[in-house]
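Here are my notes on the model you passed along. Have it open next to you while you read.

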Amino acid sequence: MKKLLCMLSAILLMATFALPALAYDYWNEEVSVTAAYGTPTIDGTVTGSEWDAAPAINVPLNGDPLEEKGYALYQGAWETERNDSDFSDMFKVMWDENYLYILEARKDDVVNLNGNSSEPYITDGTLVFLMPADDGSSANSVNPDGVHHHIFYTVGNGDGAVGGHLADRYGDIASGSQFVVDIEGGKIASSTTATGFIVEVAVPWTALKEGLTDAFTGPTENMKLGFSLVIHDSDANDGTVGFTKQICWGYITENLPANGYDYGGWGVLTLAAKPAPEPEAPAEETPAETPAETPAETPAEETTAPATADFAAVAILVACTAAAGAYIVSRKKR
């Protein structure tokens with residue numbers, strides 16, 4: 001029995017170490033999204049196929065499967081009335097070695113360009129919550145303090161015009177502190193469309209590395225980050241701002257830290273593997289030049305040598321015949 005217990009304990013211990021590093025205190029894979037590998041251009045427009053590799057994250061007003069699961073809260077005016085012509089949203093995420101890229105393409109009947117990224121929740125703004133991996137270990141932990149980044153942005157440029165405005169509310173779970181800072185090296189661009197607006201954002205990994213241990217060496221294939229969204233919609237069109245409607249997408253009550261803020265726990269964002277390089281097409285072989293056929297040599301006409309031997313033979317034969325004839329005549333005379 002002791003041996004059996006020891007064996008079971010060993011198996012459980014091994015299973016614990018074999019678990020993927022997703023035993024994070026505040027993460028839930030039921031809210032799971034993927035960032036495709038690639039480098040889009042940050043210009044506020046979607047050109048060609050630059051975002052095609054990234055799966056769409058759809059956030060509708062009605063029929064959101066995450067709301068049905070209890071992982072999305074529709075607050076403010078949307079608690080009582082939801083008009084599908086008013087709003088729907090779509091996000092995509094990509095990554096490369098330098099940046100994490102975010103695309104938002106929003107359908108919005110009234111675009112509010114006022115306000116700025118320090119308070120995106122009082123205008124048409126968005127909060128993208130990111131937490132670099134925290135495996136909870138002490139020896140190899142990347143993020144033992146639960147450092148997180150709330151990427152704040154607006155479609156307006158901070159001065160009432162389109163263009164986009166970007167900031168980061170940086171904090172950590174260990175101390176509960178958080179404060180808004182500029183994202184050094186960050187990029188944002190936006191544009192209005194016939195039905196709403198588009199925003200493209202690039203967050204440098206150097207900013208996301210802030211507060212982490214040396215175990216974080218940069219983005220890698222299949223790396224996971226905590227992820228969630230809070231989306232704000234303000235229908236003011238008179239140059240004012242103010243909180244009206246909000247979606248806490250991925251709000252996971254049971255995953256809220258004790259001193260948590262409005263992100264409501266974490267879903268999981270996985271960095272997809274890089275696409276396999278396309279095999280190089282074999283170089284076309286240049287057919288070897290066929291040597292030109294050398295025309296067959298026309299055999300030289302045979303020159304018939306004078307038949308000297310034949311003339312000699314004939315002469316001898318004539319001489320012999322003549323001699324024979326002379327001999328016969330001489331015999332007859334006798």
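The points below start with the whole chain and then turn to two residues.

1. First, a reminder that this is a predicted model. The protein chain has four helices and 14 strands.

2. On packing, 40% of the 334 residues in the protein chain are buried. Looking at contacts with a separation of 6 or more, 68% of them link residues 24 or more positions apart.

3. As for the surface, about 18,800 Å² of the protein chain is exposed, and 56% of that comes from carbon and sulfur atoms.

4. Now have a look at Thr154, which sits in strand S7, residues 147–156. Is Thr154 buried or exposed? Its relative accessible area is 1%, and the cut-off for buried is under 20%, so Thr154 counts as buried.

5. What does Thr154 touch, leaving aside residues up to four places away in sequence? The list runs to Asn116, Ser117, Pro120, Thr123, Asp124, Gly125, Gly164, His165 and Ile188. The side chain of Thr154 also comes to 2.9 Å from the backbone oxygen of Gly156. If you want a distance to check on screen, Thr154 and Ala167 are 9.4 Å apart, C-alpha to C-alpha, with their positions 13 residues apart in sequence.

6. The other residue to click on is Ser228, found in strand S12, which spans residues 224–233. Ser228 has 0% relative accessibility, so Ser228 is buried. Which backbone oxygen lies 2.6 Å from a polar atom of the Ser228 side chain? That one belongs to Trp249.

Technical notes:
Residues numbered from 1 in each chain as written. Predicted model: local features only at pLDDT ≥ 70, side-chain atom pairs only at ≥ 80, totals over all residues. Heavy atoms only, no water. Helix = DSSP H or I, 4+ residues; strand = E, 2+ residues; numbered from the N terminus. Buried < 20%, exposed > 50% of the residue type's maximum accessible area, 1.4 Å probe, protein only. Contact = heavy atoms within 4.5 Å. Areas by Shrake-Rupley, 256 points an atom, 1.4 Å probe, with all protein chains shown as cover. Polar contact = N/O pair within 3.5 Å; in protein donor to acceptor, adjacent residues only side chain to side chain.
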